Amino acid sequence: MSRKQQTPTTTDSRGPVVTDGGRKDLQADCANCFGLCCVALPFARSADFAVDKSAGQPCSNLQTDFRCGIHSRLREKGFPGCTAYDCFGAGQKVSHVTFGGTDWRQDPHGARRMFAVFPLMRQLHELLWYITEALGHDSARPVHKDLRKALTRVEELSRGSAESILELDMAALRGDVNVLLLQAGERIRATVPGRRKNHRGADLIGARLAGADLRGANLRGALLIAADLAGADLRTADLIGADLRDADLSGADLTGSIFLTQAQVNAAKGDAATRLPPALGRPAHWR
């Protein structure tokens with residue numbers, strides 16, 4: 001995967017769609033989904049959502065064609081949480097593979113199962129995203145054999161029946177895969193010479209890290225909410241699970257950062273000078 005330039009993107013009803021062949025099926029395709037994130041998931045009135053909504057209750061902004069009626073005005077209408085969400089392509093998988101194209105309006109009795117499967121499928125697709133990325137790094141080659149086995153296993157699970165997915169021990173599966181991702185991440189970060197910072201799980205809320213050299217840093221699970229990372233060098237930093245809500249990434253260099261997701265990018269702030277990994281798109285609200 002080349003890191004020399006940004007991957008071209010197009011736009012769908014929810015935001016940028018990256019034309020990245022290696023993980024195309026792991027990117028949201030809202031046009032082929034039954035609006036599952038707008039129905040299955042609950043949200044509470046807060047800075048992220050203007051109203052309360054229960055799980056299984058369709059959002060009042062959901063239209064009959066399963067598209068958002070206020071997509072272009074989500075942030076100004078009080079729904080920035082929607083712009084930050086990414087399903088990793090779970091929506092279209094549940095809609096057209098697990099349930100064979102029968103939507104929850106056509107089958108009210110099966111709706112509850114569909115809504116229960118969706119968040120589990122999202123977790124499976126998130127694991128597939130991470131595993132696929134790790135397999136793209138030559139420095140993680142000693143772990144590739146086990147990663148390929150994990151990829152096959154998770155992919156097969158994602159194509160199982162609704163019942164089989166609902167019976168999954170997701171915590172155990174994530175634990176097994178995380179061991180491999182941790183090994184891969186250590187090998188990838190080791191390509192950065194010198195001492196590498198370890199901020200795994202650290203509370204860095206509001207931290208002043210503008211211009212910081214964080215190359216090869218371990219930022220797994222770090223709380224970087226509203227942190228100032230303007231101009232920071234985050235190349236080859238491990239960002240799996242890092243909370244980047246409202247973090248300032250203006251001018252930051254994240255090319256080559258590992259295990260960064262579109263949801264994390266969407267939740268942060270950036271500008272035209274922010275450099276992203278090629279598999280991720282620049283959020284519309286950054287402009």
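At what angle do α2 and α3 pack, and how far apart are their axes? In this predicted model, the two helices pack at an angle of about 125°, and their axes lie 8 Å apart. That angle makes α2 oblique to α3, and their crossing is right-handed. To find the place where they meet, look on the α2 side for Ala 90, Gly 91, Lys 93, Val 94 and Thr 98. Their partners in α3 are Met 114, Val 117, Phe 118, Met 121, Arg 122 and His 125.

Both helices also feed the largest nonpolar core, which has 84 residues. The elements that give two or more residues to this core are α2 (90-98), α3 (108-135), α4 (141-158), α5 (162-166) and α6. Of these, α3 gives the most, with 14 residues. Within the core, the residues that touch the most other members are Leu 36, Trp 104, Leu 181, Leu 224 and Leu 229. Leu 224 is a good one to pick out: leaving aside residues up to four places away in sequence, Leu 224 touches Leu 204, Leu 209, Leu 229, Ala 242, Asp 243, Leu 244, Arg 245 and Ala 247.

Now let us turn to α6, which covers residues 170-189 and includes Arg 189. Is Arg 189 buried or exposed? Arg 189 has a relative accessible area of 7%, so this residue counts as buried. Its side chain reaches the backbone oxygen of Gly 216 at 2.6 Å. Again leaving aside residues up to four places away in sequence, Arg 189 touches several others, among them Arg 196, Lys 197, Asn 218, Thr 236, Asp 238 and Ile 258.

Definitions and conventions. Residues numbered from 1 in each chain as written. Predicted model: local features only at pLDDT ≥ 70, side-chain atom pairs only at ≥ 80, totals over all residues. Heavy atoms only, no water. Helix = DSSP H or I, 4+ residues; strand = E, 2+ residues; numbered from the N terminus. Buried < 20%, exposed > 50% of the residue type's maximum accessible area, 1.4 Å probe, protein only. Polar contact = N/O pair within 3.5 Å; in protein donor to acceptor, adjacent residues only side chain to side chain. Contact = heavy atoms within 4.5 Å. Core = buried A, V, L, I, M, F, W, Y, C linked by side-chain atoms within 4.5 Å. Axes fitted to C-alpha atoms, helices over the stretch in contact; angles between N-to-C directions. Parallel < 35°, antiparallel > 145°, perpendicular 65-115°, else oblique. Left-handed = near helix turned anticlockwise from the far one by under 90°.
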